[in-house]
Amino acid sequence: MLVVANSLDQETFDRFVIHRVVKINQGVLFNFISLGNEAKVEIAFSRTTVLQNRFIPNPYGYSRIKPAVRINELIAYYYNVRSSNYFFPGEKDQYWEITFVDSGTLHTTIEDHKYQLTSNQMILYAPGQFHRQNTTNEACSYLTIIIDLETNLDNQKKLVNTVFEIDRDSRAAIETFVKSNDQKSAYDRDLMIIALEKIIINLLKKGEKSLSKVASTPMQQRFENELLNEILLYINENIYTAFNIEELCAQFGISRSSLQSLFRNNLSIAPKEYVSSLKLEKSKLLIKESKFTISEIATMLGFSTIHYFSRRFKQEFGLTPTEYANKIL
């Protein structure tokens, strides 16, 4: 990776993966970072070239893309159906344990702290955490999963002593986990582990914030899906029209809060953010076509000014529209 800059301010550093000959102009600061275990760089320069060493105040490196969560082994999993007034006196284990309540209410105590889980909620017990479980006046069905989980200490702290409400994405992952258990393919066990890793990553991303809820009935879910599809179709068909969220609500006869919930519950994104991201993706296609100027594209897509468009484009993709145009050209 080639790192270039005009000053020693690390905020101004630009990085490029080298896969062809690169010419570096006079006066430009540069250095190289190996993306693998080793790399070889060949540099050619004229006899009059003078290379000078400049030292930055703090270390600068490349953040490698490595998993923050890894499940080394799926130890055990089983579905529990407990009657009312069930009591489990407690245990602690060397592995992580996941409890996901499918129906009913489950009470659990973790080292003298009491928690209550209802349908579509999950809790994780860390290795060495003593925990008890019981039901009261109603039966409860829940899934228990024991795993060898590897993650850093900060993530571990985020996962324990919290009742998580599962969003749609994680619920789908749970269904994938259960479905893969019934299959015969040699790779279904891998799918089970991947599904669990996805659930844990979702929990870490959301933290203790309230997650989007699953529709309470199949009929409600069908209604939400049909309404959402109509709204998304309308947005796509009117992508070149400047409209705001209030106008979108009026078009479909729903309140702003209902629209927000619809997008949050199904897409995990606010309506305004969805529209903005869609417009920015469309702008990339228009830039590639090279039929319009950057200013014309900003106007076509309803951005108030070209400066606002450029700022949002860079926030989304890491470079300005002009830099993107120069790169693809």
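Select Arg256 and Glu246 to begin: their side chains meet in a salt bridge, 2.4 Å from N to O. A salt bridge here is a side-chain nitrogen of Lys or Arg within 4 Å of a carboxyl oxygen of Asp or Glu. The pair links distant parts of the chain, with Arg256 in helix 6 (residues 256-267) and Glu246 in helix 5 (residues 245-252), ten residues apart. Helices (H or I, at least four residues) and strands (E, at least two) are DSSP runs, numbered from the N terminus. Arg256 counts as partly exposed because its relative accessibility is 39%, and Glu246 is likewise partly exposed, with a relative accessible area of 47%. The scale used for this is as follows: buried means under 20% relative accessible area, exposed over 50%, and partly exposed in between (1.4 Å probe, protein chains only).

The model is predicted, so that local features need pLDDT of at least 70 and side-chain atom pairs count only at pLDDT 80 or more, while totals for chains, interfaces and linings use all residues. Residues are numbered from 1 along each chain as its sequence is written, and side-chain values use heavy atoms, with hydrogens and water left out.

**The other salt bridges**

The count of salt bridges comes to four. Select Asp169 and Lys198 next; these residues form a salt bridge whose closest N and O atoms are 3.1 Å apart. This pair also links distant parts of the chain: Asp169 belongs to helix 2 (residues 168-181) and Lys198 to helix 3 (residues 188-206), 29 residues apart. Asp169 is partly exposed at 33% relative accessibility, and Lys198 is partly exposed at 39%.

Remain in helix 2 and select Glu175 with Arg171. Their side chains meet in a salt bridge of 3.8 Å, N to O. Both residues lie in helix 2, four residues apart, which is about one turn of the helix. Arg171 is partly exposed, with a relative accessible area of 23%. Add Asp102 to the selection: salt bridges that share partners join Asp102, Arg171 and Glu175 into one network.

**Thr108**

Is Thr108 buried or exposed? Thr108 is buried, because its relative accessible area is 0%. Select this residue in strand 7 (residues 106-110) and display its polar contacts. A polar contact is a pair of N or O atoms within 3.5 Å; within protein, one must be able to donate a hydrogen and the other to accept it, and residues adjacent in sequence count only if both atoms are side-chain atoms. The side chains of Thr108 and Tyr125 are joined by a polar contact of 2.7 Å. In addition, a polar atom of the Thr108 side chain lies 2.8 Å from the backbone oxygen of Arg132. Then show the surroundings, where contact means heavy atoms within 4.5 Å. Not counting residues up to four places away in sequence, Thr108 touches several residues, among them His113, Leu117, Ile123 and His131.

**Thr151 and Leu233**

Move to Thr151, in strand 11 (residues 140-151). Thr151 counts as buried because its relative accessibility is 13%. Its side chain is joined to that of Asn155 by a polar contact of 2.9 Å. With neighbours within four places in sequence left aside, Thr151 is in contact with Ala68, Val69 and Gln156.

From Thr151, draw a distance to Leu233: the two are 82 residues apart in sequence and 40 Å apart in space, C-alpha to C-alpha. Leu233 is found in helix 4 (residues 218-237) and is partly exposed, with a relative accessible area of 49%.

**A nonpolar patch**

Select Ile18, Val22, Ile24, Phe30, Val41, Ile43, Phe45 and Leu51, which make a nonpolar surface patch of about 680 Å². Patches are made of residues with over 30% relative accessible area and no salt bridge; like charges are joined within 9 Å, and nonpolar side chains (Val, Leu, Ile, Met, Phe, Trp, Tyr) within 5 Å. Accessible areas come from the Shrake-Rupley method with a 1.4 Å probe, and for residues only the protein chains shown count as cover. Within the patch, Ile43 lies in the loop between strand 3 (29-32) and strand 4 (69-82) and is partly exposed at 47% relative accessibility.

**The whole chain**

Finally, display the entire chain, which has ten helices and twelve strands. Its C-alpha trace spans about 85 × 55 × 40 Å along the principal axes. Buried residues make up 36% of the 329 residues. The accessible surface comes to about 21100 Å², of which 49% belongs to carbon and sulfur atoms.
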